[in-house]
Amino acid sequence: MNDVVDLREDRPTIDVGIVGAGMAGLYLIHRLRADGWSVKAIEAADDVGGTWFWNRYPGARCDIRSLDYSFSFDAELDEEWTWSEKYATQPEILRYLQHVTERFDLRRSIEFETRLEDAAWDEANERWTVTTSSGSFTCRYLVMATGCLSVPKAPDVPGIDEFDGPVYLTGRWPHEGVDFTGRRVAVIGTGSSGIQSIPLIAEQVEHLTVFQRTPNFSIPAHNGEVPEHLAASIAADRAEYRRRAREESAMGVPVDKTELFATQMTAEERNARYEAAWQEGTLAAILNVSADQATDRQANEYLAEFIRAKIRDIVDDPDTAELLSPRNHPFGTKRPCLDSGYYATYNRPNVDLVDLRSEPIETVTAGGLRTATRTFEFDDIVLATGFDAMTGAITAVDLTGRDGRRLVDEWEGGPVNYLGLGVEGFPNFFTITGPGSPSVFTNMVVSIEQHVDWIADTIADQREHGFTTIEPTETAQAGWVQHVNDLGAISLLMEADSWYVGANVPGKPRVIMPYGGGLDRYRRICDEVREHDLLGWQRGGPNGGACTDGVIRRLQPDVEIMLELMAEMNLPPLETLTPDEARDFMDAQAAMSPPGPEVGEVIDGTLPGSVGDLDYRLYRPATEGPHPLAVYYHGGGWVLGSATSDDAFCRELCNEIDAVVVSVDYRHGPEARFPAAFDDARAALWWASEHADDLGGNGTLLVAGWSAGGNQAAVVARAAADARVNEGDGPDLAGMMLVTPVTDAAARSASFTENGDGYVLTADLMEWFYDHSVDEADRSDPRISPMRGEIAGLPPTVILTAEFDPLRDEGQAFAAALEAAGVPVTHVFARGLLHTSAHAVGVLPSSAPVRSELFAATRALAHARSTTPA
């Protein structure tokens with residue numbers, strides 16, 4: 001074990017090199033020294049504080065309550081510091097960090113006024129060679145504690161260098177402050193720093209002109225003294241409060257997650273919740289009003305319009321209020337702001353607002369600036385233009401890993417890493433709250449502590465087990481990047497040009513950078529990685545290496561959340577119920593499901609089945625007919641379901657393929673066992689074929705179905721093909737669409753075991769379906785196992801299989817058999833989804849792109865004949 005390094009000594013090689021002395025760097029120094037490592041931190045500033053050292057613009061303060069925005073690693077420290085305000089100002093936060101520095105004697109491990117210039121991995125010696133503005137050193141591990149918002153974005157205001165007066169950048173504000181008394185000032189930018197500084201600048205100036213390109217959502221902070229009830233409740237059990245922040249909070253601030261959906265509330269209920277959050281004045285409250293506001297456009301719009309109405313109430317001039325009302329991005333897709341009188345500032349006679357979208361800046365001049373329509377004169381210009389967020393401080397230096405790989409090149413298309421902690425090809429290299437971690441979506445202090453503890457624990461394990469190098473595997477890194485992207489895809493985040501996706505920096509790749517699954521979920525993932533022998537990390541040492549490779553999260557994130565909620569509900573497994581009980585349960589579930597989209601017309605009716613009438617529901621598009629006609633068979637394992645049980649899916653199918661859809665019922669087991677369902681399905685297809693004109697068909701006929709209904713579609717397609725060959729007549733099918741179908745009732749593929757438990761459709765439930773509907777001796781019959789019948793001659797097919805479906809392998813085998821027999825096949829693979837996922841219209845956002853692909857291919861079949869010349 002090495003001694004703690006003292007920077008006054010000549011120690012050319014140290015254990016851990018740290019870049020940055022903000023919150024992350026300070027805690028990392030403390031934690032690693034306590035573990036016996038020698039450490040050296042370099043810091044470009046002349047004191048500690050990081051972002052709180054540099055950002056000294058008027059009004060700069062945290063947007064997380066001070067009681068939460070503080071370290072929790074030391075109970076005595078936590079209790080001894082008293083905050084003066086609900087939201088602390090920059091000077092107070094900096095004093096706090098200076099207090100932490102002195103209290104734990106951290107300053108002696110920091111070299112100030114020293115910038116990192118480059119760092120290169122020395123493979124032979126398993127060290128990083130670090131070159132700084134004041135010299136060089138080597139270290140076993142290199143940690144970037146450089147912060148997410150530490151590099152101001154380069155000003156992109158044309159002609160800014162031509163201005164004769166002072167130009168101030170909010171991210172690099174003069175430490176002595178600025179007196180704007182009696183001056184004409186321009187502020188360019190209305191992000192967080194603009195919203196915080198504009199009210200205070202307006203109080204000083206003779207005249208203030210604000211140039212706004214994009215209005216942002218902001219709510220009142222209601223700042224003041226720390227609320228006594230809050231301070232008392234935390235003090236009553238501070239350890240439990242901090243535990244909840246670490247382990248049970250998505251944002252790092254203890255709050256009970258809402259399970260209420262805005263789309264299911266009345267307007268009065270929604271507005272009451274919105275008003276309560278507005279009055280509370282915390283991000284934790286406004287971001288937790290409804291469970292669907294981050295993923296559902298309509299739910300988000302309800303909240304957005306509430307805030308726009310507040311702006312209209314506050315701002316006197318209707319035109320100015322409209323300009324301040326965000327309409328080009330959903331609420332929360334840019335970090336919401338907390339303000340102190342921001343909107344009311346525009347009621348002052350000395351404040352004007354200029355909309356840069358309608359009146360762009362042409363150039364800055366020596367005495368002011370010129371827009372497309374007028375010229376302004378100013379004494380000072382303030383640039384509140386934001387940061388090169390998340391990656392800027394990391395890619396600003398030359399970091400070279402194994403085999404000469406440069407990080408800036410590796411991240412040319414966007415940051416790639418594992419857990420936001422390490423990068424493949426860069427051994428012994430860690431980032432704190434880097435891209436791919438929750439970081440800016442959270443209370444940064446809690447995220448910082450979690451990352452520091454994980455890194456410290458990991459390198460302690462390295463030492464204990466004799467490993468000298470560690471880095472992610474390519475597989476784990478690719479899987480993590482995909483998981484982060486999947487989280488972004490199911491949210492509304494990509495709809496905004498925000499710094500979350502790098503859109504504020506010209507030329508920067510537009511990718512989602514923060515992890516959107518919440519700090520609590522992320523912490524559990526990081527803990528699981530360690531519990532599974534550092535899954536996804538490869539380690540080396542003089543006595544050999546170790547690697548447990550793999551992907552930590554393969555399920556789509558909304559599917560994972562759904563399964564967790566179902567587990568919490570402790571629902572009885574369907575296979576433990578009687579068929580009637582299971583039917584009642586499924587009917588109750590269906591009643592709570594989203595209704596699906598509107599279609600042109602819905603008609604319920606009956607058709608003659610093989611032994612009696614069958615119900616059907618017809619869906620007609622709103623477009624002018626006639627249309628292709630699709631006969632659809634519902635799912636339910638030949639035991640459950642009805643002509644209306646797949647209603648939402650059929651509605652979307654109707655709209656997306658622009659076809660009449662006739663969803664038909666069939667008899668179910670155990671009351672009517674095999675081949676009753678087949679006989680009814682055949683009768684329904686023949687009836688639809690004969691009555692196609694009456695149903696609005698144009699002569700193109702398809703079959704479609706989900707699960708057991710997919711099975712029905714496949715076997716009646718075989719019957720239709722045989723009838724045309726053997727009898728010279730029968731339905732002429734243009735194609736079939738099979739969604740996670742049963743294709744071999746007699747087989748039990750590998751996926752039947754691999755995915756047989758925990759994914760809604762279980763192996764036990766599948767056996768329950770079989771037992772209630774078909775005798776074991778009949779399960780090889782091609783009328784229920786199309787894989788065992790003739791394949792050639794079937795119509796062109798679109799088939800969807802899901803990664804975590806017990807039926808995945810048999811569906812894929814059927815697709816392969818069709819292709820081998822010369823049948824045109826489009827195989828849609830639902831990565832990360834379950835047997836039931838693609839069918840979950842309005843429930844699982846991750847299933848929507850899969851359905852789009854499915855329906856696009858089906859639409860091509862449905863309309864191929866109508867576009868082919870006679």
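This note sets out points on selected helix contacts, sheets and an aromatic pair in a predicted model.

1. The sheet S13-S14-S15. Three strands, in the order S13-S14-S15, make up an open sheet with antiparallel pairing. S13 and S15 are the edge strands, each with a single partner strand, so one side of each has no neighbour in the sheet. Direction ignored, neighbouring strands of this sheet are turned by 20° against each other on average.

2. Pairing of S13 with S14. Strand S13 covers residues 361-364 and strand S14 covers residues 368-371; the two are antiparallel and are paired over three bridges. Within this pairing, Thr363 lies opposite Arg370 of S14. The connection from S13 to S14 is a hairpin through three residues.

3. Pairing of S14 with S15. S14 and S15 also run antiparallel, joined by three bridges. Here Arg370 is opposite Thr375 in S15. Arg370 therefore appears in both pairings, facing Thr363 on the one hand and Thr375 on the other. Three residues lie between S14 and S15, which form a hairpin.

4. An aromatic pair that involves S15. Across the whole structure, a search finds 40 aromatic pairs. One of them joins Phe211 and Phe376: the ring centres are 5.3 Å apart and the planes stand at 80°, so the pair is classed as edge-to-face. The two residues belong to distant parts of the chain, 165 residues apart, with Phe211 in strand S9 (residues 207-212) and Phe376 in strand S15 (residues 375-377).

5. The sheet S19-S20-S21. A further open sheet of three strands has the order S19-S20-S21, and its pairing is antiparallel. At its edges are strand S19 (469-472) and strand S21 (546-547), each of which pairs on one side only. Between S19 and strand S20 (residues 537-540), the antiparallel pairing extends over four bridges. Pro472 has Trp537 in S20 as its bridge partner.

6. Packing of H20 against H27. Helix H20 (residues 647-657) and helix H27 (residues 848-864) have axes that come within 9 Å and cross at roughly 55°. The two helices are therefore oblique to each other, and the crossing of H20 and H27 is right-handed. On the H20 side, the contact is made by Phe649, Glu652, Leu653, Asn655, Glu656 and Ile657. H27 contributes Arg851, Leu854, Phe855, Thr858, Arg859 and His863. By class, the residues of the contact of H20 with H27 are five nonpolar, three polar and four charged.

7. Packing of H21 against H23. Helix H21 (residues 676-690) packs with helix H23 (residues 708-726) at an angle of about 60°, and their axes are 9 Å apart. H21 and H23 are therefore oblique to each other. Their crossing is right-handed. From H21, the residues in contact are Ala677, Phe678, Ala681, Arg682, Leu685 and Trp686. These meet Gln712, Val715, Val716, Ala719, Ala720 and Ala723 of H23. The contact of H21 with H23 comprises 10 nonpolar residues, one polar and one charged.

8. The two helix contacts side by side. Both crossings are right-handed, that of H20 with H27 and that of H21 with H23. Their composition by class may be set out together: the contact of H20 with H27 has four charged residues, whereas the contact of H21 with H23 has one.

Conventions: Residues numbered from 1 in each chain as written. Predicted model: local features only at pLDDT ≥ 70, side-chain atom pairs only at ≥ 80, totals over all residues. Heavy atoms only, no water. Axes fitted to C-alpha atoms, helices over the stretch in contact; angles between N-to-C directions. Parallel < 35°, antiparallel > 145°, perpendicular 65-115°, else oblique. Left-handed = near helix turned anticlockwise from the far one by under 90°. Contact = heavy atoms within 4.5 Å. Nonpolar A, V, L, I, M, F, W, Y, C, P; charged D, E, K, R; others polar. Pairing = 2+ DSSP bridges. Phe/Tyr/Trp six-rings, centres within 6.5 Å; stacked < 30°, edge-to-face > 60°.
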